[in-house]
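I opened my notebook to look through a structure I had not met before. Here is what I looked up, entry by entry.

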Amino acid sequence: MARPSADKSPPSRSDAEAAKERTTQLLREIRRIEIQTSRLVNQHLAGSYQSVFKGQGVAFSEVRAYTPGDDVRAIDWNVTARTGEPHVKLFTEERELTVMLVVDMSGSLDLGSRDYDKRQLVARLAATFAFSAIRNNDRVGLIGFTDGVEVFVPPRSGRKHVLAVVQQVLTHVPQSRATRVASGLEYLARLGQRHTVAILISDFVDAVPDDSPDAARAFEHALKMVRRRHDLIPIRVEDPLELELPALGLVALEDLELLGLGGDSFLDLSPRRAKNYRKRVEAERARLDQLLRKLSLDSMSIRCGDNWQQPLVNFFARRARRMRR
């Protein structure tokens with residue numbers, strides 16, 4: 001009789017305990033995110049969400065008798081002729097919205113030099129928009145991408161659905177180490193969804209590279225495609241370490257994709273090279289900012305270690321003021 005292979009043996013007690021501990025930590029993190037984001041939504045964002053994100057349009061509600069001050073353009077002439085009294089049509093906003101979270105899930109999100117890494121920050125941001133949506137009976141979906149789309153969760157509503165989306169963001173193991181932001185946008189454009197609020201969350205490390213004009217053009221084209229049909233809001237997540245590397249000399253790094261520099265290798269962090277890296281990062285950030293301004297896209301940048309809630313509050317307030325004008 002053949003012996004069972006080693007890889008089919010039951011997990012050891014230590015393996016089982018480690019798996020249980022990972023699950024416990026994950027559940028704690030999800031619960032922590034739910035508490036933080038729900039408090040933010042209830043205290044600061046609930047009142048402005050409806051005014052910031054509009055529905056599809058208006059739908060006919062009812063007809064009532066005309067009263068002085070009503071808009072004469074709303075008069076229903078058929079009912080007016082039939083009754084002999086002026087009546088007006090009333091309309092209500094078609095409120096139901098779909099919020100699509102277009103989320104970067106590449107290896108670069110595992111970088112974190114502060115209390116949490118970029119992936120955890122992304123989960124907090126995604127959860128904030130998701131809980132804001134379901135509080136208003138809107139639906140939430142997820143598109144997770146690396147250099148291609150690896151996760152698609154169809155839009156649904158409900159707390160359990162949102163928690164499942166947050167778990168996907170936190171636990172997904174990327175199949176590819178590369179990043180192509182345009183892939184997530186192109187996928188959304190091909191879905192054929194009606195008007196959605198598209199929240200694009202990424203570090204954009206590959207979005208506007210100076211050494212790849214074709215990639216930059218593809219990214220701009222994808223932004224334009226989505227912007228024509230949807231309400232697109234790009235959010236850039238950053239870690240202070242990737243903005244300014246310390247001058248450490250020659251160092252060995254396991255995954256340079258974390259910094260948008262490719263795979264495993266040695267990195268020369270001499271003072272001159274560190275300075276050149278900083279200039280390159282600044283140039284790419286400036287190109288991205290310029291492109292988003294050119295397309296008149298609302299956007300924000302949030303860093304690990306900073307207060308991530310205040311930029312969201314400021315964004316909602318700023319957008320609400322502009323839409324009231």
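**Entry 1: α3 and α4**

I began with a pair of helices: the axes of α3 and helix α4 (residues 159-171) come within 9 Å and cross at roughly 165°. I took axes as lines fitted to C-alpha atoms, for helices over the stretch in contact, with angles from 0 to 180 degrees between N-to-C directions. Helices (H or I, at least four residues) and strands (E, at least two) are DSSP runs, numbered from the N terminus.

Before going on, I noted that this is a predicted model, where local features need pLDDT of at least 70, side-chain atom pairs count only at pLDDT 80 or more, and totals for chains, interfaces and linings use all residues. Residues are numbered from 1 along each chain as its sequence is written, and side-chain values use heavy atoms, with hydrogens and water left out.

Which way do α3 and α4 run relative to each other? They are roughly antiparallel; angles under 35 degrees count as roughly parallel, over 145 as roughly antiparallel, 65 to 115 as roughly perpendicular and the rest as oblique. The crossing of α3 with α4 is right-handed, a word I use when the near helix is turned clockwise from the far one by less than a right angle (anticlockwise would be left-handed).

I then listed who makes the contact (heavy atoms within 4.5 Å). From α3 come Arg 119, Gln 120, Val 122, Ala 123, Ala 127, Ala 130, Phe 131 and Ile 134, and from α4 come Arg 159, Val 162, Leu 163, Val 166, Val 169 and Leu 170. Sorted by class, the contact of α3 with α4 has eleven nonpolar, one polar and two charged residues. Ala, Val, Leu, Ile, Met, Phe, Trp, Tyr, Cys and Pro count as nonpolar, Asp, Glu, Lys and Arg as charged, and the others, Gly among them, as polar.

**Entry 2: α6 and α8**

My next pair was helix α6 (residues 213-229) and helix α8 (residues 271-294), which pack at about 30° with their axes 11 Å apart. That angle makes α6 roughly parallel to α8. I found the crossing of α6 and α8 to be right-handed. Phe 219, Glu 220 and Leu 223 of α6 meet Leu 288, Leu 291, Leu 292 and Lys 294 of α8. I counted five nonpolar, no polar and two charged residues in the contact of α6 with α8.

**Entry 3: Val 237**

I looked up Val 237 in strand β7 (residues 231-238). Is Val 237 buried or exposed? Val 237 is buried, with a relative accessible area of 0%; buried means under 20%, exposed over 50% and partly exposed in between, using a 1.4 Å probe and protein chains only. Leaving out residues up to four places away in sequence, Val 237 touches several others, among them Leu 109, Lys 118, Leu 121, Val 122 and Ile 302. The C-alpha atoms of Val 237 and Ser 301 are 5.9 Å apart, with their places 64 residues apart along the chain.

**Entry 4: two loop residues**

Asn 137 sits in the loop between α3 (118-135) and β4 (139-145). Its phi is near 65°, a positive value in a residue other than glycine. Asn 137 is exposed, at 62% relative accessible area.

Ser 296 lies in the loop between α8 and β10 (300-303). I read its phi as near 55°, again positive in a residue other than glycine. Ser 296 is exposed, at 59%.

**Entry 5: the whole protein**

I closed with totals: the protein has nine helices and ten strands. Of its 325 residues, 44% count as buried.
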